[in-house]
Amino acid sequence: ILSRLSFFSKSGKTDTLPYSRAVFALGTFDGVHVAHRELLKKAGKLKKKTGADALAVWCFSESPARLLGRQNSESLTEKDEKVRLLLEYGADIVVMADFEDFRNVSAEDFINDILRSSLFCIGTVCGFNHRFGKDGVGDSNLLRKVFGRDRAVTVPKITLDGVTVCSSAIRSLLSAGKIEEANRMLGRSMSLTAEVKSGKRLGRTLGFPTANQVFPRDFVRLKHGVYATRCHVG
């Protein structure tokens, strides 16, 4: 099982588990928005309460919803960006899996064989609507049955101005050009990390040289327009 997983810590990618007991935050974490950060906060408290060595995150390298062909499921964060943000907001280690490798694992086997036996998980935190396992039959109730009520925390929905904070809502706002509203749900400015590509170099002839970035495939598209950006190079 471990050979099919990727592990990331603040010091970079690792091939070993740098802990003996961990609390896991479970989710897709696309966008790493304010509701996701609430999961990380709760997981940090559970880590302290249980005496676990690490706050770990379980997520997939690509969105299961997109791979299953669901609408409004473009990425808000690419893989490297997601890992960076999760570690920045409190995770000690990010465990990343390919959805195709685990889509047929039953909910019970995911808990017992993967979380408990292979990843030394002693407690979990997930959102109120989180589903896992083959056909999405696993939920927070099953986690409580296995880990106990005190070690299986469920985070209720987080709302802003009466709207539930979720990745799909943020995608819709970005597509509609409502950047300020989307950034409030993200808890940060919407960002993209991508290589600068050479273009026709017309901007420099007008006194405004530009840096061109191509949105990755399946990345959320902003409404067509002109936006102010802050760029970091390096």
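Student: Where is R151 found?

Tutor: Happy to start there: this is a predicted model, in which local features need pLDDT of at least 70, side-chain atom pairs count only at pLDDT 80 or more, and totals for chains, interfaces and linings use all residues. Residues are numbered from 1 along each chain as its sequence is written, and side-chain values use heavy atoms, with hydrogens and water left out. Helices (H or I, at least four residues) and strands (E, at least two) are DSSP runs, numbered from the N terminus. R151 is found in the loop between α6 (140-147) and β7 (152-155).

Student: Does R151 count as buried, partly exposed or exposed, and why?

Tutor: Buried means under 20% relative accessible area, exposed means over 50%, and partly exposed is in between (1.4 Å probe, protein chains only). The relative accessibility of R151 is 31%, so R151 counts as partly exposed.

Student: Which residues does R151 touch, not counting those up to four places away in sequence?

Tutor: A contact here means heavy atoms within 4.5 Å. L46 is 105 residues from R151 in sequence, with 7.3 Å between their C-alpha atoms. With residues up to four places away set aside, R151 touches L46, T50, I122, G123 and T124.

Student: In which sense do β6 and β7 pair?

Tutor: Strands of a sheet pair through backbone hydrogen bonds, either parallel or antiparallel. Two strands count as paired if DSSP finds at least two bridges between them. Strand β6 (residues 121-127) and β7 have 4 bridges, and the sense of their pairing is parallel.

Student: Which residue of β7 stands opposite C126, and which is the bridge partner of G127?

Tutor: C126 stands opposite T154 in β7. For G127, the bridge partner in β7 is V155.

Student: What order do the strands of the open sheet have?

Tutor: The open sheet has 7 strands and its pairing is mixed. At its edges are β2 (12-14) and β7, each of which pairs on one side only. From one strand to the next, the twist averages 25°. The strand order is β2-β1-β5-β4-β3-β6-β7.

Student: What angle does the direction of helix α1 make with that of β6?

Tutor: Axes are lines fitted to C-alpha atoms, for helices over the stretch in contact, and angles run from 0 to 180 degrees between N-to-C directions. Helix α1 (residues 34-50) packs on the sheet, where it touches β3 (22-26), β4, β6 and β7. Its direction and that of β6 make an angle of about 155°.

Student: Why is the pair of W58 and F102 described as it is?

Tutor: Rings of Phe, Tyr and Trp (its six-membered ring) pair if their centres lie within 6.5 Å; planes under 30 degrees apart count as stacked, over 60 as edge-to-face and the rest as tilted. The structure holds 6 aromatic pairs. For W58 and F102, the ring centres are 5.6 Å apart and the planes are at 85°, so the pair is edge-to-face.

Student: How many residues apart in sequence are the parts that W58 and F110 tie together?

Tutor: W58 is buried at 4% relative accessible area, and F110 is buried at 7%. Their rings form an edge-to-face pair, 5.0 Å centre to centre with 70° between the planes. W58 lies in strand β4 and F110 in helix α5 (residues 107-118), so in sequence the parts tied together are apart by 52 residues.

Student: Over the face of which residue does R4 lie?

Tutor: A charge sits over a ring if NZ of Lys or CZ of Arg is within 6 Å of the ring centre and within 35 degrees of the ring normal. R4 is 4.8 Å from the ring centre of its partner, F102.

Student: Which residues of α7 are buried?

Tutor: S167, in helix α7 (residues 167-175), has 14% relative accessibility and so counts as buried. What covers the buried residues of α7 includes α1, β9 (163-164) and α8 (179-186). The buried residues of this helix are S167, A169, I170, R171, L173 and L174.
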